[in-house]
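Let's practise reading a protein model together. Keep the sequence and the 3D view open, try each task yourself, and then follow the solution step by step.

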Amino acid sequence: MRGRVALVTGAGRGLGRAIASELSRHGARMVLTARTAREIRATARALERKGGQALAHPCDVRDSRQVAELLAASVARFRNLDILVNNAGVFRMAPLQKTDETMWDDILDTNLKGTYLVTRAALPQLERRKGQIVNILSTAARIVFPDNSAYCASKWGLLGFTNALRDELRPRGIRVSAVLPGAVDTPIWDEVPGHWERDTMLRPDAVARAVAHVCTQVGSASTDEILLTPARRA
Ligand SMILES: NC(=O)c1ccc[n+]([C@@H]2O[C@H](COP(=O)([O-])OP(=O)(O)OC[C@H]3O[C@@H](n4cnc5c(N)ncnc54)[C@H](OP(=O)(O)O)[C@@H]3O)[C@@H](O)[C@H]2O)c1
């Protein structure tokens, strides 16, 4: 991966931070984004301390203008873009009656529309480099959970988007992969009401290694999908 440039959304904490760290460890130059500048700058500093190169550029993936500025900043710093990891996402649990329109829009606009906006903006760069797109979905893109209708809708929608895009971009030499993790111990769970057995969840670095595997694949193969579940049962 040395010399390649990778953009990771949601890189301020949790999975995105672990993915950025893993791709940087493999030699990729990193573009890191999320809304909270302080967190992506902290990720960038951590990578730089280990000899990596990183640009931290704040962006709300729901906003097409900010997404365009992100891609412009990325090109200005590193010229090329080889890898896009669409990881930014939000998770809220609520029965439908308590899923108000703001919550619905927040989940769908971040998890689904955000991926569409960043992918569309990055496509000209990725096409030039015959690049790689990795979308972070969830087991909630395959199975359903009660009190999760908005989140499941966003991830099932994202699976449809990912699969359709793979077929669209395959002739243009761009690989599109879906990574579907089960529960991962990240800050996303801090605000979810209830008791969660966090020590039996996947660790973020396990998902990050799967993303790196997808991105280091060479030759004739493309990894279409990786489903990761915790090795230990709660
Ligand atoms: N943790 C799990 O159990 C689990 C399981 C399966 C799949 N996933 C998926 O993995 C991805 C990462 O989740 P995580 O657990 O690492 O969550 P997290 O710890 O809450 O981190 C989410 C990241 O996404 C960013 N983000 C949220 N909204 C954004 C927006 N509108 N624009 C730009 N960045 C935004 C956050 O930063 P800001 O808030 O600063 O913007 C943060 O950096 C999500 O897509 C999630 O659905 C998680």
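**Exercise 1. Is D109 buried, exposed or partly exposed?**

Solution. Start with the cut-offs: buried means under 20% relative accessible area, exposed means over 50%, and partly exposed lies in between (1.4 Å probe, protein chains only). D109 has a relative accessible area of 28%, so D109 is partly exposed. Next, find its place: D109 belongs to helix α4. Helices (H or I, at least four residues) and strands (E, at least two) are DSSP runs, numbered from the N terminus. Now list the partners: leaving out residues up to four places away in sequence, D109 touches R62 and G114, where contact means heavy atoms within 4.5 Å. Finally, the C-alpha atoms of D109 and N135 are 15 Å apart, with their positions 26 residues apart along the chain.

A word on the model before you go on: it is predicted, so local features need pLDDT of at least 70 and side-chain atom pairs count only at pLDDT 80 or more, while totals for chains, interfaces and linings use all residues. Residues are numbered from 1 along each chain as its sequence is written, and side-chain values use heavy atoms, with hydrogens and water left out.

**Exercise 2. Describe the burial and the contacts of L23 and T162.**

Solution. Take L23 to begin with. This residue sits in helix α1 and is buried, with a relative accessible area of 0%. Not counting residues up to four places away in sequence, its contacts include M1, A6, V8 and V85. One of these partners, A6, is 17 residues away along the chain, and the C-alpha atoms of L23 and A6 are 7.7 Å apart.

Then turn to T162, which is found in helix α5. T162 is also buried, at a relative accessible area of 0%. Beyond its neighbours within four places in sequence, T162 contacts N135, L137, V176, S177 and A178.

**Exercise 3. How are α4 and α5 oriented to each other?**

Solution. First, read the geometry: helix α4 (residues 101-128) and helix α5 (residues 149-169) have axes that come within 7 Å and cross at roughly 15°. Axes are lines fitted to C-alpha atoms, for helices over the stretch in contact, and angles run from 0 to 180 degrees between N-to-C directions. Second, apply the classes: under 35 degrees is roughly parallel, over 145 roughly antiparallel, 65 to 115 roughly perpendicular, and the rest oblique. Therefore α4 and α5 are roughly parallel to each other. Third, look at who takes part: among them are W104, I107 and L108 of α4 and Y151, L158 and F161 of α5.

**Exercise 4. How are α1 and α6 oriented to each other?**

Solution. Helix α1 (residues 14-25) and helix α6 (residues 204-215) pack at about 50°, and their axes are 8 Å apart. With the classes from the previous exercise, α1 and α6 are therefore oblique to each other. In this contact, L23 appears again on the α1 side, and V211, A212 and C215 are among the residues on the α6 side.

**Exercise 5. What pattern does the protein follow along the sequence?**

Solution. Count the elements: there are 6 helices and 7 strands. Read in order, they give β-α-β-α-β-α-β-α-β-α-β-α-β. To finish, step back to the whole chain: buried residues make up 50% of the 234 residues, and the C-alpha trace spans about 45 × 40 × 35 Å along its principal axes.
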